Structures are given as structure tokens and as C-alpha cells.
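Colleague: I have the file open and would like to go through the packing and the odd backbone spots. Can you put it up?
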There are 2 protein chains.
Amino acid sequence: MIRTVEWTDVGVVMLDQRLLPSLETYVTCKDHREVAEAIRSMVIRGAPAIGVAAAMGVALGVRNSRAGDVSELDAEFGRICDVLSGTRPTAVNLFWAVERMRRTYQRMRFQGVEAIRAALILEAQQMHAEDIDANRRMGRFGQELVPHRARILTHCNAGALATAGYGTALGVIRAAVEAGKAVEVFADETRPFLQGARLTAWELEKDNIPVTVITDGMAGHFMRLGRIDCVIVGADRIAANGDVANKIGTYSVAVLARENSIPFFVAAPVSTLDLAVPDGSLIPIEERDPEEVRRVGGVLITSASTRVANPAFDVTPSGYVSAIITDRGVARPPYAESLRRLAA
Amino acid sequence: MIRTVEWTDVGVVMLDQRLLPSLETYVTCKDHREVAEAIRSMVIRGAPAIGVAAAMGVALGVRNSRAGDVSELDAEFGRICDVLSGTRPTAVNLFWAVERMRRTYQRMRFQGVEAIRAALILEAQQMHAEDIDANRRMGRFGQELVPHRARILTHCNAGALATAGYGTALGVIRAAVEAGKAVEVFADETRPFLQGARLTAWELEKDNIPVTVITDGMAGHFMRLGRIDCVIVGADRIAANGDVANKIGTYSVAVLARENSIPFFVAAPVSTLDLAVPDGSLIPIEERDPEEVRRVGGVLITSASTRVANPAFDVTPSGYVSAIITDRGVARPPYAESLRRLAA
């Protein structure tokens, strides 16, 4: 059992994903600022995991607050929420989770500081449990799309490490294995942060699911040679029309899958849907520190001053997406209708 | 002026491309086995550069030979050629260069050992000079396809470092700059060996040509956003029908270019054409050491035992290729005819 993020009496404990697979160490965040910094610096990453961590961060901030009454807490609560919301712009689960904590706060507001505290801590833990449940449901829906003996390509890490547990894309793969299907996984290494090489391989190896790491440029080659049967990826935000923001490189995989007549599936909980955003062009794409591209494991690979770009996500137009697997069922095109129905 | 490979009295001197851009060091190969090992271990790489290095390796082997007469030299010469031909299987320039050295040997065979030695050394140096000339001609032909203010994507390194000098794809870019065009280059980092991040950026920066390094998964994203005007890559072997074997990841770039209506150009000398091979499916694809994928700059990025694949090349079907720029002119589809005409 992988413990990605957990609420404990001493704080929010996270497996430090920057150091995997060479080191399995845990970070304890003792206040909401430390949680925010852990999200920003990618100690924890993955849209659903970020959502749960942010909710726990809000709960931690309120638990640590010295506010004597609710009116004092009101302003502080707003600031706590803002610190967590300000960490990363693309994954909508972050905003969804903070918004849900705001609603809980509002619901409890007239019952006093202690009741608010208790409710927020409970709500964050509840979101942790619900995320695992959602992933298991998603797995059951999604595994029906996975043929026996499928060779599945995935990009980035949409696994237990990207969620409270079990995973979205890797949850579907785990469910296929649990249903008795023999599957084999090709994991794109996913530069610059190497989530595929470092995280996806690590968690699938733990579960004895056969996995082969390939560089991002190899995916098309293996598709063309007929060695990939389907693609399953996660998502950071899905617009109302089905456009999918996900880890940089996902769009390329989708185009290559279409070109080679390979189904391209996205697995994400309904908390990843952002029906307020009509299409992907309106999803903000985070630009991260150029040093993430210039260095690998601390080693400089370019000249120190080489210009680099580092968009962390891209948008895959819905036309490339064969199906979106959610915890409420599988959405098919046209997504404007199917997603609205699922979200209702 | 970049000195990729040079014939000197003490041996074949090569810039060690494994250590760029952090270290600019030169390796002196004192016998043909050292040249072969330098090619195999990628001290030197790039189809035309490998060809020139192999020719110099043959010349060096014969120079060092203690054979007293031609009949003694005959058997030794065959072994020298085999050692060099056996280094890398995909780039056809290697076999072309060794074959050319064989023909020179046969032509000189009746003039005695000393005459053979002198002729082979001259031939290898001649091939070095011819390669630079070919690249300059290719540049002049190719730059006409490059619009003023073009933002050009390239993959791997098809530059001065991949040739005796000036470069194939980067030669076209240099020629465009010399023709007064403002261009900007996006360089795919090109995992696993990082030729784009390490070599292409280094040589373009030396020439003050603006370059931005991106990870391989970003190319499609920038194409979709309309930020790339054309793609220019090199080639390791081009089949009679125009299918192009080139660095792994090239096929993906070609598919993404097509999908986004961006011209995809291949620049290669006629020595890269292999008209004996009808199509790309018959080109042998080198599988290299898995450690090249598992490690970056010596640092392990996966678990030590993670399974990886490491095909060094892929094949881009000719249907994705807008034009092939050679030193004898620009070939357009249908390539079966245009390439045969150019090669004649």
C-alpha cells in the first residue's frame, strides 16, 4: 500500500516524490505554508493528490489558528485558502478541493471555532477516502475497455502516487489485472520531471505488473510497430467540450495514437471536470522553472545559460479522446453532452 | 570552427561528444580499434561524421599495418574494414565510407603497400573535405525552403558535430542565416543521449543563432500553438522509396508536423541514400545499452533493474516527408523517382 498523503496528529505526511525511486522518504508538513510549498515544489503532484493535500493544508491551517472567535477566523481562513490555491494553476482539483473546504467552513460557521476545526479535519480525511473510492469505481468502469493481453501505453504518473491511492489511469490498469487480464505497460519516462521513469515504473513494479520504460520520443515508434493496443492517461483539467489538459507530451501521444488507430483513454474523477471552462484554450498552462529542463537529478545537461521552455501541461483536443473514464461512468463523444450528464 | 574529426600525424582526433557542453575535450585514436570504439561509444556520432571517422579508421589501420607486401595486407585490410563496419548498424554512411575505401584499395592494389597507404590516407581526408562541401551545397539548396523569420524545430543533432563540419539540417539553418534570414530554432532535447540539449544548443549558441531547448514531449504542444513554421532533421539512412531512418523520436515529430500542416524537411547527403533498400521496414534499427535510458549524466533515474527499451532510431514513412534536401538538389515526392534521379 502506497501512502501518498496522510493526515496525522503531527501534520500532513507525504511521500517525497522528488526522491523516488532511489529514496523512499516522508515529509511532515506542520502548517499550511509547508503544505503549499510541498505542492509547489512537487513533493506531491498529480491532480487528485494535490486536491487532497490542499484540503488537508486548509484543515491544518485552521487547526493551527489562534483565532479566538469566528470573525477572527474568517479573515485568516481566506488567507489560508489563498495560499493553497496559489500553488499551481492548471489542475482544477486543487480549486475544487479548496472550494469544498470553503463550503464546509460556511456550513459550520455558526457553530464556533472548535466545530469548524473538527469539521474541516473530517472533511479533508473524507476527501482522502472518497478519492480512493472514486479511483476504484473508475477502475471497474475503465477495465472493461482494456482487452486481455493489452499492451498499454501511459504517460506521466496517474497512479497511487498521483491520488490518495490506487490511481486513475493506473487504477484502470490495476482493475484490469484484478479482473484477471494479463496486461503489459509501456511507461513514457515523461521529461522533465520523469514521473514515468521514476514513479509509474516504481509503483507498477511494486504490484508486479510488467512495465517497460521508454523515452518520450519512443512512444510513436512502438505504436507504429503495432506494439501498443491502447493508451490510458490521467488529466489535470477537462473542459466542458472534453478538451483535456494533462502533463506536457500528452497531446503528442494522443495524435500518435489517432494516427495509428489506437484508442486513447483519459481516466479522471468528476472533480477534474471544469464545466465552467468551455474549451481547452482557456485552461491556464503553468510554466515552471527552466532549471527543471536544464538539469536531471541535479546534473546540468545543457549550458548553464541555454534558453529553455518548460510548460508543464498541454491540451489534447477532445477529438483525439476515445473515451473519458470517470468514477460515475464512461463518457463518449460528444463530450459536451456526456460530461454534463455525468457531472449532474 | 568546430573540429568534429580530423586526421593528424598522431592519429584521428575527435571532439568527445559525450562530454559536451560541460567539457570540450579531444580524443586521439591511435589505431583503427580505437576509432571503432569511439564510434560505438558515441565519442563521435551522426551519420556523415561516422562515415568520415570510419574512413579515417581504415586509413589508420593500414598506416599502422606491418604487412610487408600486398598479399599480406589483403587479409589484414579485410579485418580492418570489418572492425569498422561492425560498430553501428543503422547509418548507411558508415558502410558507404568503408566501401569507398575498399574501392580505393582495389584501385591501388597493384602499386604496392606504400602507394595504398598514401592513397587511403588521402581518400579519407578527401571524404572529410567533400562532406563539408556537400553540406554547404545542401545548405544553399535547402535555405530556399526556409522563410524569413522562420521558427524551425529540429530533433537530435544534425549539425557540424554530426558531420565533418557545417552540418546537414543545421547547415540549412546556417545557410538561411547567411542568406540574411532571421531564424529561431527549437531544439528537441532528444533523449536518451540528449544530442539536442547538449550538442545542437551548443553549436547554435556558438554561432549566435537563437535556440530554445524543449523536451521531446513539448514539440507537439508548440506546433499546435502555431509556434513552429517548419521542421528540419537529418537522416541516418534513406530507403529507395523515401522512408527515412533517423534518431528515435523523428517519426513522432513528423506525424505531429503533418497533423499541424507544418512542412517536414529531411537534409542528408546522397551518401545517406540506400537505394538497395526498397523501404524503411528493411533498415536495421540499432538497440543500444539500456543504461543509456536508465541514467542521465551518470545519475540513475529509474530503479537499477527497471526494464527499459532503447531503440536508437525510428523510421518515418516517406508520406510524412515534404522534401529531402541533398547536396545534389531537393527531392520531392514521389521519392522513388526523384531520389533515383539524384543518385544517378
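Modeller: One term before we start: contact here means heavy atoms within 4.5 Å. Also, this is a predicted model.

Colleague: Fine. Leaving aside neighbours within four places in sequence, what is Met108(A) in contact with?
Modeller: Met108(A) touches Ala115(A), Ile116(A) and Ala119(A), once neighbours within four places in sequence are set aside. Met108(A) itself belongs to helix H4 of chain A, residues 92-108.

Colleague: How far apart are Met108(A) and Ala119(A), C-alpha to C-alpha?
Modeller: The distance is 7.4 Å, with the two positions 11 residues apart in sequence terms.

Colleague: Is Met108(A) buried or exposed, and why?
Modeller: Met108(A) is buried, because its relative accessibility is 15% and the cut-off for buried is under 20%.

Colleague: On to the sheet. What is the strand order?
Modeller: The order is E17(A)-E16(A)-E10(A)-E7(A)-E4(A)-E5(A)-E6(A)-E14(B), an open sheet of eight strands with mixed pairing. Its edge strands are E17 of chain A (329-331) and E14 of chain B (307-308), each pairing on one side only.

Colleague: Which helices pack on the sheet and touch E17 of chain A?
Modeller: Helix H5 of chain A, residues 113-143, packs there and touches E10, E16 and E17 of chain A. The direction of H5 makes about 145° with that of E16(A). Helix H11 of chain A, residues 335-343, touches E16 and E17 of chain A, at about 160° to the direction of E17(A).

Colleague: How do E10 and E16 of chain A pair?
Modeller: They pair in the parallel sense, over three bridges. Val266(A) has Ile324(A) in E16(A) as its bridge partner.

Colleague: And E5(A), what does it pair with?
Modeller: E5(A) pairs in the parallel sense with strand E4 of chain A, residues 151-154, over four bridges. Strand E6 of chain A, residues 211-214, also pairs with E5(A) in the parallel sense over four bridges. In the register, Ile152(A) is opposite Val185(A), and Phe186(A) is opposite Thr212(A).

Colleague: Which hand do the crossovers have?
Modeller: E4(A), helix H6 of chain A (residues 169-178) and E5(A) form a right-handed β-α-β unit. The crossover from E5(A) through helix H7 of chain A (residues 195-206) to E6(A) is right-handed as well.

Colleague: Why call E5(A) largely enclosed?
Modeller: Because four of the five residues of E5(A) are buried. Phe186(A) is buried, with a relative accessible area of 2%.

Colleague: Aromatics next. How many pairs are there over all chains?
Modeller: There are six aromatic pairs. One of them is Phe186(A) with Phe222(A), a tilted pair at 5.5 Å centre to centre and 35° between the planes. Phe186(A) sits in E5 and Phe222(A) in helix H8 (residues 219-224), both of chain A, so the pair ties together parts 36 residues apart in sequence. Phe222(A) is buried too, at 3% relative accessibility.

Colleague: What about Phe77(B) and Tyr105(B)?
Modeller: That pair is stacked, 4.0 Å centre to centre with 15° between the planes. Phe77(B) is in helix H3 (residues 70-85) and Tyr105(B) in helix H4 (residues 92-108) of chain B, so parts 28 residues apart in sequence are tied together. Both residues are buried.

Colleague: Which charged ends sit over rings in chain B?
Modeller: Among them are Arg3(B), over the ring of Tyr26(B) at 5.4 Å from its centre, and Arg198(B), over the ring of Phe193(B) at 4.8 Å.

Colleague: Last topic, the backbone. Where are the cis peptide bonds?
Modeller: One joins Arg191(A) and Pro192(A), with omega about 5°. Pro192(A) is in the loop between E5 and H7 of chain A. Another joins Pro333(B) and Pro334(B), with omega about 0°. Pro334(B) is in the loop between strand E17 and helix H11 of chain B.

Colleague: Which residues other than glycine have a positive phi?
Modeller: They include Tyr166(A), with phi near 80°, in the loop between E4 and H6 of chain A. Asn208(B) has phi near 55° and lies in the loop between helix H7 and strand E6 of chain B.

Colleague: Are those two buried or exposed?
Modeller: Tyr166(A) is buried at 8% relative accessibility, whereas Asn208(B) is exposed at 69%.

Definitions and conventions:
Residues numbered from 1 in each chain as written. Chains lettered and ligands numbered in written order. Predicted model: local features only at pLDDT ≥ 70, side-chain atom pairs only at ≥ 80, totals over all residues. Heavy atoms only, no water. Pairing = 2+ DSSP bridges. Helix = DSSP H or I, 4+ residues; strand = E, 2+ residues; numbered from the N terminus. Axes fitted to C-alpha atoms, helices over the stretch in contact; angles between N-to-C directions. Buried < 20%, exposed > 50% of the residue type's maximum accessible area, 1.4 Å probe, protein only. Phe/Tyr/Trp six-rings, centres within 6.5 Å; stacked < 30°, edge-to-face > 60°. Lys NZ or Arg CZ within 6 Å of the ring centre and 35° of its normal. Right-handed = clockwise from strand over helix to strand, strands pointing away.
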